[in-house]
Every structure is written in C-alpha cells, then in structure tokens.
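Trainee: Please take a close look at one loop residue that I have picked out, covering its place, its cover and its contacts. Then set it against the other loops and the charged side chains.

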Amino acid sequence: MRPMQWINLLRLAADPKVTRVPVRVLAALRRAGKRRLPEKVDREVAAGIPGLRTLRYAARWLDGENLTRHNRRWVLNSFLPPFPSRAYERMFEAMLSGRRLSPVSAFLAVTAECRFNCVHCSAKGRPTARLPTGFWKSVISQLLELDVGIIGFTGGEPMMRDDLAELVKFAADGGAATILFTSGSELTEAKAAELKAAGLWALGLSLDHVDPAEFNQFRGHPDAFNLVTRAAKLAVRHKFYTMTCCVASPELVKERMYEKIHALSAGLGVQELRIVEPMPCGRMRGADSGAFLTDAEIELLRDFHCTMNRRGARPKVCAFNRIESPELFGCGGGTQHLYVDSAGEVCPCDFTPLSFGNLRREALSTVWRRMNDALGEPRRDCFIRRHAGAINAKVQQTGEYPLSPQHSCELCREAGFGTLPDYFRMVTGQTTTLSK
C-alpha cells in the first residue's frame, strides 16, 4: 500500500465522524454474540479505539483500491456510499435490524424507454410498464426501510422521465446515496443543475471505445460519442462524482482498449472508470460463448484494477469482476443487492432474470425475504455466468422472462448454495452459512 494510503487510513481512524457509527454497531453486535470482523480486530474495535490490528486489517482489504476525496468526503468506489454520510451510517446500522442480510444497494429501472440500441442491453426481452411517480416513491420508501445505502436509477434511459429529479430528491432526503446511470443523451446544463439541487451524488456515463465510429455502432446511436463526452464534462463541472462505465467485450480486452478508455476518462476529469462485462441476458441471451470473457480475460481486468489503483492513478478503476471476485466479496445479487425492472419485478441484479415478486402486488420486505432465502448467501461465482444454461432452459420451458417467483425459487434450489467468498469466510469463520 502506498504511503499516502496509510496516511489516509490514519486520518480515517482519527475521525469520529467516520468511526463513531461503525464502532457503536460492531460493539452492539459483539455483545449480542455476533461477529463481523476477525476476533482480535473485533475486540479492538469494540473497545472504541481502532488500533494497529484494525489498521492492518483495513490495509489488507483496501490493497488494490484507491481511497480518494470528493466534495470533502471519502470515496472508496461506486459500490459503497461516500463517507461520512447518512448512507454510510445506514449501511452499518442495517446490521442491527435482525435480518440475516440487508441490501447495501438497489438499482431501479424507472423506464424502459431509450434512444440507444446497445448491442449488450440487459433489459431487452423483459415486459415493460410506465409506472407513476407514486409507485417509485413507494419503492424508495420500502428500500429506505430496509436500510439500503445506495439507490441507483437506470433504465432504459432514466433521464427520459420528467420526474427523475423528484425521485432522486426523495431518495436523497431519505438518507440514500443516489447514482444515475445514463447514456448522457438527455443531460443538459439545466437538468444537471436540477439533479444537483435534488441531491444526486454520482453520475455514471457509458463509454466503451475511444474511436467515435466504433462507439456509436456499439451503442446504436449516430452521435453517442459526442453526447457522452459532452455529458461527462458537464457532470464534472457540476461536481458530481462522475464515472465512465465500460462494458468490456472480449475484443475490447484483447486490444487492451480499457487502457485507452482510462486515458480518455482522465482527460475528461472523471473520478472513476467502472468496468463491467457482457452477461448472457437480455439481448445477449443465448449468445455464443465467444461473446463473453474467459477466465484469463477476467484476470486481466482484475489486474488492471489493482495495478492502476496501487499507483494512485486518476481516475481510479473499479472492475466489477474484481469487487465480486471469490477472493473478496463474491456475487451479492439477491443477498446484498437487488434490482427492480420497469414493470416492478424484483430480481437479484439487472443481469439475472429471476423474479421473486412484483412490487405492484407485494411488499418489498416479503419479496426480499423470499429472494434472500432462495439465494442463501453471497456466492463465490457470478450467479448468471454460472447458471445461464439452466436459466435459459427454464425460460424456454416456461416462456417466462424473467422467471416467475415459483420457477426462480425452484432454480435456486437446484443450483444449491456453494461456499462463501473469502471475506465472509474470514469474518465468520464459516464456509457455507452466515451467522444468524
């Protein structure tokens, strides 16, 4: 770890605004006989003053990350709320809820409308609906009751909703860190100012190639490149935590295009390059295996994530398959994350077409419990990557997309649980079941 990162850790440990709530929560859990840290670290934290063991523990898990400051708050990456913040505190306070697990984040597809025609669109094939403001406010209220720390707005193109700023404000006022995922096509000076006033924290913009013609073709829009680069500059100017979001196809990885996208992103002044991979769902459901990353290509992206962050490069790199690697936190779909599509179906993530209920008919607490029980715990492997064949067979058999709650639960039982990712094994001392 770089000397500056050690200095940052010391600053965090000495800041009661950062440590007060985690220390209080972890001490309460310890008194209740529950542990969320290794024994010696847990004992030190429960004493109220994070010491050397805690710093070493944090350094171990932050290796490969790039802790930075933005708008006078700390940011590790876009998978966690900025801190100190109410959203950050809620993430810890959720541990006292009595639930086995609580969702850290939730993404809402508030519309299926979009002017783009992306090759990899994960939303294609799902039933769609135009649900009113009141419905989405009810969803947000229920998410806040589950102590969700991050609420992301996606689609389709979420900026095609006239009430987007109203929804963002409702979530932000409730204590969530809010993220907008957009093509940038609808972002104007006026809309940026409106979203800033509403309390939007972060803005993610799709950018998958440095060649305008290649990018325009990939995104299915003749002016996609100009729109996204203009939007990125606008987002930075309005001081959003700004990310460029790249879908790393096998071709992109072979060409090491992610390095050029990082350089372009640095020139735009954004804070993070967020890298995801194509998934066998939506428009790519049933695609040939050559359309998806191999294990070796995934390892290249994980290495890029760690190498650039250890250098302190700007923007920082956040590769989805590094954060959810078996050596770290694994796949949290349905156990630490959820997705609500434009028709109200609740799924583990936007890539996994398993519905565990529709929020037009059931309460989120009921649906979350059903999904959480079915999926069991965070997994070492991405659920959709491992079980795409079984999911597609069930879709073909039933004609459902996403699968109904009944068939989703059946498929989860057939898939089984497996073993925990390393982080959860380390803090619990168990392999297949989290502490109740």
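**A buried serine and its surroundings**

Mentor: In this predicted model, Ser122 sits in the loop that runs between strand E3 (105–109) and helix H6 (133–145). Its relative accessibility is 16%, so Ser122 counts as buried; the cut-off for that word is under 20%. Once the neighbours within four places in sequence are set aside, the contacts of Ser122 are Cys281, Gly282, Asp350 and Phe351.

Past the other end of H6 there is another loop residue to look at. Asp147 belongs to the loop between H6 and E4. The phi of Asp147 is near 65 degrees, which is positive in a residue other than glycine. Asp147 has a relative accessible area of 18% and is therefore buried.

Lys239 makes a useful comparison. Its phi is also positive, at about 65 degrees, although Lys239 is not a glycine. Lys239 is located in the loop between helix H10 (224–237) and strand E7 (241–247). With a relative accessible area of 53%, Lys239 is exposed, whereas Asp147 is buried.

Two more loops contain cis peptide bonds. One joins Gly155 to Gly156, with omega near 10 degrees. Gly156 is in the loop between strand E4 (150–154) and helix H7 (164–173). The other joins Arg314 and Pro315, where omega is about 0 degrees. Pro315 is part of the loop between H13 and strand E9 (316–319).

H13 itself, residues 295–310, contains Glu297. At 9% relative accessibility, this glutamate counts as buried. Not counting residues up to four places away in sequence, Glu297 touches Pro250, Val253, Lys254 and Phe292. From Glu297 to Arg90 the separation is 207 residues in sequence and 36 Å in space, taken C-alpha to C-alpha.

On the other side of H13 is the loop that follows strand E8 (272–276), and Asp288 is found there. Unlike Glu297, which is buried, Asp288 is exposed, with a relative accessible area of 57%. Asp288 and Arg360 lie 35 Å apart, C-alpha to C-alpha, and 72 residues apart in sequence.

Next come the acidic residues at the surface. Asp211, Glu214, Glu251 and Glu255 gather there in a patch of negative charge. Of these, Glu214 belongs to helix H9, residues 212–219. Glu214 has a relative accessible area of 41%, so it ranks as partly exposed.

That leaves the paired charges. Side chains of opposite charge can pair when their charged atoms come close. The structure holds 26 salt bridges, and a few of them can be followed in detail.

Take Arg24 and Glu93 to begin with. They form a salt bridge in which the closest N and O atoms are 3.1 Å apart. Arg24 lies in helix H2 (residues 16–31) and Glu93 in helix H5 (residues 86–93), so this bridge ties together parts that are 69 residues apart in sequence. Both ends are partly exposed: Arg24 has a relative accessibility of 41%, and Glu93 has 21%.

Arg256 and Glu259 are another pair, meeting in a salt bridge at 2.9 Å, N to O. Arg256 is partly exposed, with a relative accessible area of 35%. Glu259 is also partly exposed, and its value is 35%.

A further bridge joins Arg380 to Asp422, with the closest N and O atoms 2.8 Å apart. This pair links distant parts of the chain, 42 residues apart: Arg380 is in the loop between helix H15 (364–375) and helix H16 (383–398), while Asp422 is in helix H18 (residues 422–428). Arg380 is partly exposed, with a relative accessible area of 22%. Asp422, at 27% relative accessibility, likewise counts as partly exposed. Elsewhere, salt bridges that share partners join Arg24, Arg86, Glu89 and Glu93 into one network.

To return to your residue: Ser122 is a buried loop residue, and its contacts beyond its sequence neighbours include Cys281 and Asp350.

How values were computed:
Residues numbered from 1 in each chain as written. Predicted model: local features only at pLDDT ≥ 70, side-chain atom pairs only at ≥ 80, totals over all residues. Heavy atoms only, no water. Patch = residues over 30% accessible without salt bridge, like charges linked within 9 Å, V, L, I, M, F, W, Y side chains within 5 Å. Areas by Shrake-Rupley, 256 points an atom, 1.4 Å probe, with all protein chains shown as cover. Salt bridge = Lys/Arg side-chain N within 4 Å of Asp/Glu carboxyl O. Lys, Arg positive; Asp, Glu negative; His and termini not counted. Charge placed at Lys NZ, Arg CZ, Asp CG, Glu CD. Helix = DSSP H or I, 4+ residues; strand = E, 2+ residues; numbered from the N terminus. Buried < 20%, exposed > 50% of the residue type's maximum accessible area, 1.4 Å probe, protein only. Contact = heavy atoms within 4.5 Å.
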